[in-house]
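Here is a chain to walk through with the structure open beside you. Have a look at it first, and then read on.

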Amino acid sequence: MELAYINENTEESDAMFSCSDNRGHLYEDMDYIPVSALSAVIWEDEDSYSEAVFDITNSGDLSVTKPIADVFMSFDPYGVAFLPNKLQCMDGLSTQQRYIIAINNELDVLDEEKSNIESFVEHYDPKEHGYDVPLEERESFHSVLVQTLYLDREKLETYPMNRRHIFRVKGTNSFFFSSEIYDELYIIARQGLACGLTAFKFDVDDEAPRR
């Protein structure tokens, strides 16, 4: 079985967008909340020119141009929200038609035996985390860091196909796409409708690529 890694070409991009809109909570957590919006959600990077921004921009979630969003939407993926998006850049607001792709579809497919997983407890430090942190958030918390990632083929195959087109791996910040989405994206890239991407297929039994 093949999956695909699709992301911004971070080695070539200087963009560092952050959300400057109070609707970020609608898509930034892992709970799938069906949501729609008429006005665009604004992301901001005052150090970038709009014409230099790639067709995929990664800021935790993805901002993509319409041709890429059309490919993703055509597969009707489970647990993915598509929200209109504008980029506030050094030269003003972008004119591109863009969408935030909020991937809220988490699959429990981590291969814990083959992956390299570090577990540690982090303690509240006011110098590091700030003195204005609410009292209920000052308790120590358990964190897991996945150094090398392997997916479990058998776990993955237990999920229906509509959940395997676009998904995050539970316990990590990694997301992947089906090979079918890659094939359609490759077509529009050949047509000049997508640029600045890093995209390739990999076998699910191999070490999974990381951002």
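What follows is a tour of the fold, its strand pairing, its cores and its charged pairs.

**The chain as a whole**

Bear in mind that this is a predicted model. The chain has 14 strands and five helices. Of its 211 residues, 45% are buried. Its accessible surface is about 11500 Å², and carbon and sulfur atoms own 47% of that. As for contacts with a separation of 6 or more, 72% of them are between residues 24 or more positions apart.

**Strand S6 and its partners**

A good place to start is strand S6, which covers residues 80-89. Eight of its 10 residues are buried, so the rest of the structure largely encloses this strand.

Which strands does S6 pair with? One partner is strand S3 (residues 41-44), which is parallel to S6 and joined to it by four bridges. If you want a landmark for that pairing, look for Trp-43, which sits opposite Leu-87 of S6.

Strand S8 (residues 98-103) is another partner, this time antiparallel, with six bridges to S6. Here Ala-81 faces Ala-102 of S8.

Then there's strand S7, just residues 92-93, which is antiparallel to S6 with two bridges. Cys-89 is the residue opposite Gly-92 in S7. S6 and S7 make a hairpin, with two residues in between.

**The nonpolar cores**

The largest nonpolar core has 22 residues, and the members that touch the most others are Val-64, Ile-68, Phe-72, Ile-101 and Phe-177. Where do the residues of this core come from? At least two each are supplied by strands S1 (2-8), S5 (61-65), S6, S8 and S13 (175-178), and by helices H1 (66-74) and H5 (179-190).

Phe-177 is worth clicking on. Beyond its neighbours within four places in sequence, Phe-177 contacts Leu-3, Ala-4, Ile-6, Leu-62, Phe-72, Ile-103, Arg-164, His-165 and Ile-166. There's also another core, apart from the largest one, with 15 residues that include Leu-3, Tyr-5, Leu-107 and Phe-176.

**Charged pairs**

The chain has six salt bridges. Three of them are set out here, each with its N to O distance.

| Salt bridge | N to O distance |
|---|---|
| Arg-168 and Asp-61 | 3.2 Å |
| Arg-153 and Asp-203 | 3.6 Å |
| Asp-183 and Lys-201 | 2.9 Å |

Take the pair of Arg-168 and Asp-61. Its two residues come from distant parts of the chain, with Arg-168 in strand S12 (residues 166-169) and Asp-61 in strand S5, 107 residues apart. Are these residues buried or exposed? Arg-168 has a relative accessible area of 6%, so it counts as buried, the cut-off being under 20%. Asp-61 is buried too, with a relative accessibility of 6%.

Now for Arg-153 and Asp-203, whose side chains also meet in a salt bridge. Arg-153 is in helix H3 (residues 153-157) and Asp-203 is in strand S14 (residues 197-203), so this pair ties together parts 50 residues apart in sequence. Arg-153 is partly exposed, at 23% relative accessibility. Asp-203 is partly exposed as well, at 27%.

The remaining pair in the table is Asp-183 with Lys-201. Because Asp-183 belongs to helix H5 and Lys-201 to strand S14, the salt bridge ties together parts that are 18 residues apart in sequence. Both ends are partly exposed: Asp-183 has a relative accessibility of 35%, and Lys-201 has a relative accessible area of 31%. There's a small network here too, since salt bridges with shared partners join Glu-2, Asp-183 and Lys-201.

**Val-204, just past S14**

One more stop: Val-204, found in the segment after S14. How buried is Val-204? Its relative accessible area is 0%. Leaving out residues up to four places away in sequence, Val-204 touches Met-1, Leu-3, Leu-151, Arg-153 and Leu-156. Along the chain, Val-204 and Arg-153 are 51 residues apart, and their C-alpha atoms are separated by 6.5 Å. Two of the residues Val-204 touches have come up already: Leu-3, a member of the 15-residue core, and Arg-153, which has its salt bridge with Asp-203.

Key. Residues are numbered from 1 along each chain as its sequence is written. This is a predicted model: local features need pLDDT of at least 70, side-chain atom pairs count only at pLDDT 80 or more; totals for chains, interfaces and linings use all residues. Side-chain values use heavy atoms; hydrogens and water are left out. Buried means under 20% relative accessible area, exposed over 50%, partly exposed in between (1.4 Å probe, protein chains only). Two strands pair if DSSP finds at least two bridges between them. A nonpolar core is a set of buried Ala, Val, Leu, Ile, Met, Phe, Trp, Tyr and Cys residues joined through side-chain atoms within 4.5 Å. Contact means heavy atoms within 4.5 Å. Accessible areas come from the Shrake-Rupley method with a 1.4 Å probe; for residues, only the protein chains shown count as cover. A salt bridge is a side-chain nitrogen of Lys or Arg within 4 Å of a carboxyl oxygen of Asp or Glu.
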